[in-house]
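Thank you for making room for me this morning. I would like to walk through one structure with you, and I ask that you keep it on the screen while I speak.

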Amino acid sequence: MLKRIIYRWVGVACLALAVWACKTPDLVQKTENKAVPASYNSSQDTTNTGKVRWQDYFTDPYLISLIDTALQNNQELNIVLQEIQIARNEVQARKGEYLPFVGYGAGAGVDKPGRYTSKGSSEATTEIKPGKETPDPLPDFMAGLYASWEVDIWHKLRNAKKSAFNRYLGTMEGKNFLVTNLIAEIANSYYELLALDNQLRIVQQNIEIQSNALQIVRLQKQSARVTELAVRRFEAQVLNTRSLQFGIQQQIIETENKLNFLVGRFPQPIQRNSQNFIDLVPNVLNAGVPAQLLENRPDVRQAELDLMAAKLDVQVAKARFYPSLGLSAGLGFQAFNPIDLVKMPESLIYGLAADLAGPLINKNAIKAAYSSANAMQIQAVYNYERTILTAYIEVANQLSNIGNLASTFELKSLQVDALTESVDISNNLFRSARADYMEVLLTQRDALESRFELIDTKMAQMHAVVNVYQALGGGWR
């Protein structure tokens, strides 16, 4: 009776100990917020430019050629492709962990126990067959298969594989995001190069105009209509304008080399047509609705996949508190003579075992890993929400920028026309001694600056067209 009570209490204690051993710390969870505004500007049109292929979005054949070359040769993109391969290998490794491990082995040896030992005296009096003693020393030959398998009771290994697979998909989206950024960077640099070509052309035209004005001033000085001061001021302006072209030429070289780097080749001239840059018309854009960003933007999709992987990592860390069940088995042949290895069933050996093991005392490492997985999950939630917020703000900013730049360009065009006419008027007035030479100089300077600003505005317009396409998630398809 007493033994029965003791056994019962021991059983209850063991059960309680097992329950305590499997207890996990409290989990602090946070649900991600996927809500986005219903529209950008009260429009519910779902037509989205981000779904247009980059080959159809850009029309300049030289730009298309640069992008196509970059998608094949860009080093950063090729590095990311290798990261995708590494992630794919990680998925394969995690998949193999919850499948049985099967191996093979073979061995040979010899054993000579002492005669006056338990094993030696036993073998000395044992016959292998009637009339045939056990060999001394005793050879040993063995060949067989062995297998081991951890039964995935708590889906620990399966969840680890799913987590690795989500991260692999995340690297694919990361590659798509890099492609989007690469295309945008090439397009922006290309339009910047066209703008610099036009600025250089404007400077060269102004050098010619100012040089002609300088000749007129020198003639007027000879006729005592102006002083040497006027001649010197006109010379200074010509020299200043000439110095501008060298700075622009350096910017052109640097921009060309930047494009060459992006397409993965050594410096060489960039083919382009910059004659009609000022007449380029920005593409008609359709932003769709903000909810489409969740589908179009690769960085949003990557953040979502990372979040899914982080949630699975928590389940994997939690499963480490529970006992694991392992199975092991072996099958083979063993004999002291190689000829006897194939004799059945005398040389046949086999074994089967199961073990159940789990953490009991000092689970600090497992608790720390579980808490870290939980913290990284919350971190992934915040990163996901931040990515969505960033995407929405980028689109909203660029849409507003396109409208404002269109108005700015229109006004700058009128300013350039007015100042261009002012240059001719000031020159005529100066020839007839009805205007001071300073008015001529200031008018020429203002006209040059306004033409520069007009080119900068056109470049900003083309950048905005590229940037809104990038913000909408275009380019990776």
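I will go from the overall form to the salt bridges, then to a cavity, and finally to a single residue.

A word on the basis first: this is a predicted model, in which local features need pLDDT of at least 70 and side-chain atom pairs count only at pLDDT 80 or more, while totals for chains, interfaces and linings use all residues. Residues are numbered from 1 along each chain as its sequence is written, and side-chain values use heavy atoms, with hydrogens and water left out.

Let me begin with the whole protein, which has eleven helices and six strands, where helices (H or I, at least four residues) and strands (E, at least two) are DSSP runs numbered from the N terminus. Its radius of gyration is 40 Å, well over the 23 Å that the globule rule gives for 477 residues, so the protein is more spread out than a compact globule; the radius is taken over C-alpha atoms, and the rule is 2.2 Å times the number of residues to the power 0.38. Along the principal axes, the C-alpha trace spans about 140 × 55 × 40 Å. Of the 477 residues, 37% count as buried, and by that I mean under 20% relative accessible area, with exposed being over 50% and partly exposed in between (1.4 Å probe, protein chains only).

Turning to the salt bridges, I count a side-chain nitrogen of Lys or Arg within 4 Å of a carboxyl oxygen of Asp or Glu, and by this rule there are 18 of them. One joins E97 and R94, at 3.2 Å from N to O, and these two residues sit three apart in helix 4 (residues 75-97), which separates them by about one helical turn. E97 is partly exposed at 32% relative accessible area, and R94 is partly exposed as well, at 25%. In another bridge D152 meets R158 at 3.7 Å; here D152 is buried, at 10%, whereas R158 is partly exposed, at 33%. There is also a network of salt bridges, which links R218, K221, E228, R232 and E235.

Which residue forms a salt bridge with D313? That partner is R167, with the closest N and O atoms 2.8 Å apart, and the pair links distant parts of the chain, since R167 lies in helix 6 (residues 156-222) and D313 in helix 9 (residues 298-319), 146 residues apart.

R167 and D313 appear again in the lining of the largest cavity, together with A310, A373 and M376. A cavity here is a set of points, on a 1 Å grid over the protein atoms alone, where a 1.4 Å probe fits but cannot get out, and lining residues have an atom within 4 Å of a point. The volume of this cavity is about 30 Å³, taken as the space filled by probe spheres set on the points, which are joined across faces, edges and corners.

Finally, consider V440, which lies in helix 11 (residues 437-471) and is buried, with a relative accessible area of 1%. Leaving aside neighbours within four places in sequence, V440 is in contact (heavy atoms within 4.5 Å) with F234, S426, N427 and F430.

Definitions and conventions: 1 Å grid on protein atoms, 1.4 Å probe; cavity = no way out; pocket = protein on both sides within 12 Å on 5 of 7 lines; lining within 4 Å.
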